[in-house]
Amino acid sequence: MNPAARFVLEDATVSFGQTRAVDEVSLRVGAGELVGIVGPSGAGKTTLLRLLIGAVRPQSGRVSVDGSALAELSPQQLRALRAQIGFVHQDHRLVPTQRVVTNVLSGRLGRWSFLRALREVYWPRRKDVEDVHRILTRVGIPEKLFERVDSLSGGQMQRTAIARALYQEPEAILADEPVSSVDPTRARDTVALLARIAREEGITLCVSLHNLELAREYFPRLIGMRHGRIVFDAPTTDLLPQHFESLYELSEQQMLQDA
Amino acid sequence: MRLRSRAILVVGILLAGVVSAWHLGLDSSSIWPTAERWTVLGRFLSAAFMPTLTSQSDLAINIVPRTLQAMWTTVIFAVAAMSLSLVGGIALGVLASERWWSLFPVPRAVRPVLYGSVRTLIAFMRSIHEILWAIGLLAAFGLTTVAAVIAIAIPYAGTLAKVFSEMLDEAPEDAAEALRMAGAGSLQIFVFGLIPRAIPDMGAYAFYRFECALRSAAILGFFGFETLGKYIHQSCGELYFREAWTYLYALVLLIVIVEWWSGAVRRKLTVA
């Protein structure tokens, strides 16, 4: 196997009841790649991303990250692996009543023992606060360092969540619909930001997106999903309009059939 | 059909009321005060409009220092009791929550035994009223601060633990899930992801209980502890109602101050 493969899915299937959220999907993402995952809602994008970090386990098939099969890892090893992967959730999942700095600092919990974490998060050293400030500068909200999260706008909360993922010093970032709840201008800024940082630091980036235009603009490789299956997986420049149309048209036909 | 069953319910409740009143020996003469009692009640109520700053037994004595001293003692008792019950309430509340035990590799069937036994303990603590604890502890320690503080702290710790455990079990799991996916361990997820999501509710409830603790501390004065209740009890016993109202207003003032303070803190805890 290619040693540079970061994420590998082999015939992975995840079912929730009768629904196959991910249906015998195989996929390989190399280190440092920028991949956009597109498709209508319910196509399985979220489940695919959650598979890659071991938050859901496949009923059949295999998931491996950096050459190790997730199913074979001990809880300790899984923790260590997750510490190297930042996950940005659609709904940010911060602690709203705590400050931005506290939320960002907790990104490194995966590396610390419990006692060390208590000190690092609640009594951070000056240097660590400066590190957080530097990351917040990169994501464009340095002035929010000591603000409470619930005083921020939706876009600023999403940037805080990205900052928390970056503070992990991750080798890969998985972002699940990171801009579905912000306005179009901010959405473009946020996707551009993620792509730029990933390129600059050689971070592997997989982002699921609703917005095809944004996906085509910022990701050199696109994966199209529908009903849990991969419809296309190709360099963006090779994709034709009918590829994207098929993604949605077919699903509409399917919806009509279902109805 | 529904209307009929509702009518039966109303008649049933009325009947239960009549039966229990009859059982208590209540009749029109015992419910309606005698003329003499009316006078006492009138004096008590009219004294509300003329609280006094001098003692009614000895006009030379200014009761302001005594009132301030009793207010201070009431606050001290309440603060000490609350601190103690917060420590106990948080520790027991964590141990009584289902989520805490789900963090550890304890077999699923054993978990209810673990949090169940803690819940039994806290049910015992809070089912005995602080006045009853005070009677027992008075016998053990005498009229000491320790006796009063522990008497309040035991049932309060039980109540806090019960409510805290429910808050911990119902706190949103969003942040906890994010930390789990960032590689955090079980204990870290609980402390950094769940507790902070429950803290606003826990804090607001603790402040409410502090108000209750002030009232409890005042009431324990009836046993002779140097809180406001001691003077309320004494002056009422001697029918010095104007003096009694001074102490009552002092208690109301304390409660109002704490309510105002806790309101401010609660707003800070919950909304930005």
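Helices (H or I, at least four residues) and strands (E, at least two) are taken here as DSSP runs and numbered from the N terminus. The views show a predicted model, in which local features need pLDDT of at least 70, side-chain atom pairs count only at pLDDT 80 or more, and totals for chains, interfaces and linings use all residues. Residues are numbered from 1 along each chain as its sequence is written, while chains are lettered from A and ligands numbered from 1 in the order in which they are written.

**View 1. Chain A, with nine helices and 10 strands.** The radius of gyration of chain A, taken over C-alpha atoms, is 19 Å, close to the 18 Å that the globule rule (2.2 Å times the number of residues to the power 0.38) gives for 259 residues, so chain A is as compact as a globular protein of that length. Along the principal axes, its C-alpha atoms fill a box of roughly 60 × 45 × 35 Å. Buried residues, defined as those with 20 or more other C-beta atoms within 10 Å of their own (exposed means 12 or fewer, partly exposed lies in between, and C-beta atoms are placed from the backbone), make up 44% of the 259 residues in chain A. Two residues are in contact if their C-beta atoms, placed from the backbone, lie within 7 Å, and of the contacts in chain A with a separation of 6 or more, 68% join residues 24 or more positions apart.

**View 2. The two domains of chain A and the contact between them.** Domain 1 of chain A comprises 1-84 + 174-259 and domain 2 of chain A comprises 94-169, with bounds that come from an automatic or database domain assignment. The C-alpha centres of domain 1 of chain A and domain 2 of chain A lie 26 Å apart, and the contact takes 11 residues from domain 1 of chain A and 10 residues from domain 2 of chain A. On the side of domain 1 of chain A that touches domain 2 of chain A, α2 (75-83) and α7 (184-201) of chain A each supply at least two residues, and α7(A) gives the most, with five residues. The residues on this side of domain 1 of chain A divide into six nonpolar, two polar and three charged, where Ala, Val, Leu, Ile, Met, Phe, Trp, Tyr, Cys and Pro count as nonpolar, Asp, Glu, Lys and Arg as charged, and the others, Gly among them, as polar.

**View 3. The contact between chain A and chain B.** This contact takes 25 residues from chain A and 20 residues from chain B. Both α2 and α4 (114-122) of chain A supply at least two residues each to the side of chain A that touches chain B, with α2(A) giving the most, four residues. The residues on that side of chain A divide into 11 nonpolar, eight polar and six charged. For the complex, the predictor gives an ipTM of 0.90 and a pTM of 0.84.

**View 4. Helix α9 (residues 174-181) of chain B and its surroundings.** Six of the eight residues of α9(B) are buried, so this helix is largely enclosed by the rest of the structure. The buried residues are B:Ala175, B:Ala176, B:Ala178, B:Leu179, B:Arg180 and B:Met181, and they pack against α2 and β6 (85-88) of chain A together with α10 (186-220) of chain B. Just after α9(B), B:Gly183 takes a positive phi of about 95 degrees.

**View 5. The largest nonpolar core, with 138 residues.** A nonpolar core is a set of buried Ala, Val, Leu, Ile, Met, Phe, Trp, Tyr and Cys residues joined through C-beta atoms within 7 Å; in this one, the residues with the most contacts inside the core are A:Ile173, A:Leu174, B:Ala81 and B:Ala151. The core draws at least three residues from each of domain 1 and domain 2 of chain A. Leaving aside neighbours within four places in sequence, B:Ala151 is in contact with B:Glu130, B:Trp133, B:Ala134, B:Leu137 and B:Leu220.

**View 6. Chain B, with 12 helices and zero strands, and the place of B:Arg66.** Chain B has a radius of gyration of 24 Å, whereas a compact globule of 272 residues would have one near 19 Å. Of the 272 residues of chain B, 36% count as buried. B:Arg66, in helix α4 (residues 64-95) of chain B, counts as partly exposed because it has 17 C-beta neighbours inside 10 Å. The C-alpha atoms of B:Arg66 and B:Leu228 are separated by 9.3 Å, although these residues are 162 residues apart along the chain. The mean pLDDT (the predictor's confidence in each residue, from 0 to 100) of chain B is 91.
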